[in-house]
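Please look at the sequence and the model below before reading on. The paragraphs that follow go through the model part by part.

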Amino acid sequence: VQLQASGGGVVQTGDSLRLSCAASGLTFSRYGMGWFRQAPGKERELVAVISRTGGNTDYTDSVKGRFTISRDNAKNTVYLQMRSLKPEDTAVYYCAAAPYYYRAAGQYDYWGQGTLVTVSS
């Protein structure tokens with residue numbers, strides 16, 4: 001199983017960015033997917049999760065209304081559209097796969113390598 005995250009970069013406050021995570025080696029449509037992030041010196045935290053069909057999503061409160069998670073099962077890819085970015089969004093962003101769209105990172109079976117998002121003020 002391989003999850004390849006991409007799309008990170010350096011942006012300014014208020015900018016937008018879209019992350020992608022391409023999955024291989026698993027039946028993608030049978031897995032809930034999540035985006036998590038880890039800032040320097042902090043624990044990994046939930047950003048957003050999405051159900052196997054994409055019909056259900058959940059977000060951490062700090063990104064609600066700014067971030068949108070989506071998936072394309074035909075392309076085996078999950079996305080995270082980020083808008084109105086803030087300096088506190090700076091982190092390494094990881095995608096992960098699990099049989100259900102759990103909120104807890106510890107329940108995810110597979111992880112991508114992470115992509116760094118830096119938001120400058």
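C21 has a relative accessibility of 0%, which is under the 20% limit, so C21 counts as buried. C95 is likewise buried, because its relative accessibility is 0%. In this predicted model, the two cysteines are partners: C21 and C95 form a disulfide, with 2.1 Å between their sulfur atoms. The pair joins distant parts of the chain, since C21 belongs to strand 3 (residues 17-24) and C95 to strand 9 (residues 91-98), and 74 residues separate them. A disulfide is a covalent bond between the sulfur atoms of two cysteines. The torsion about the S-S bond of C21 and C95 is about 60°, and the disulfide is therefore right-handed. How many disulfides does a search of the whole structure find? The search gives 1.

The next topic is the nonpolar interior. The largest nonpolar core has 30 residues, and the members that touch the most other members are M33, W35, L80, M82 and Y93. Many strands contribute to this core: at least two residues come from each of strand 1 (2-6), strand 3, strand 4 (32-38), strand 5 (45-50), strand 7 (67-72), strand 8 (77-82), strand 9 and strand 11 (115-120). Another core, of 7 residues, lies apart from it, and F36, L46, V49 and A98 are among its members.

Strand 3 also holds L17. Is L17 buried or exposed? L17 has a relative accessible area of 15%, which is under 20%, so L17 is buried. In sequence, 102 residues separate L17 from V119, while in space the C-alpha atoms of L17 and V119 are 10 Å apart.

A charged residue can be followed next. R37 is located in strand 4. With a relative accessibility of 5%, R37 falls under the 20% limit and so counts as buried. Which side chains does R37 meet in polar contacts? One is the side chain of D89, at 3.0 Å. Another is the side chain of Y93, at 2.9 Å. Y93 has already appeared among the residues that touch the most other members of the largest nonpolar core.

R37 and D89 also help to line the largest pocket, together with Q38, A39, K42, E43, E45, P87, E88, T90 and A91. The space in this pocket comes to about 150 Å³. Sorted by class, its lining consists of 6 charged, 3 nonpolar and 2 polar residues.

Two loop residues remain, and both concern the backbone angle phi. Most residues other than glycine have a negative phi. N76 is not a glycine, yet its phi is positive, at about 55°. N76 sits in the loop between strand 7 and strand 8. Its relative accessibility is 28%, which lies between the limits of 20% and 50%, so N76 counts as partly exposed. S84 is not a glycine either, and S84 has a positive phi of about 50°. The loop that holds S84 runs between strand 8 and strand 9. S84 counts as partly exposed because its relative accessibility is 40%.

Definitions and conventions:
Residues numbered from 1 in each chain as written. Predicted model: local features only at pLDDT ≥ 70, side-chain atom pairs only at ≥ 80, totals over all residues. Heavy atoms only, no water. 1 Å grid on protein atoms, 1.4 Å probe; cavity = no way out; pocket = protein on both sides within 12 Å on 5 of 7 lines; lining within 4 Å. Points joined across faces, edges and corners; volume = space filled by probe spheres on them. Nonpolar A, V, L, I, M, F, W, Y, C, P; charged D, E, K, R; others polar. Disulfide = S-S within 2.5 Å. Helix = DSSP H or I, 4+ residues; strand = E, 2+ residues; numbered from the N terminus. Buried < 20%, exposed > 50% of the residue type's maximum accessible area, 1.4 Å probe, protein only. Core = buried A, V, L, I, M, F, W, Y, C linked by side-chain atoms within 4.5 Å. Polar contact = N/O pair within 3.5 Å; in protein donor to acceptor, adjacent residues only side chain to side chain.
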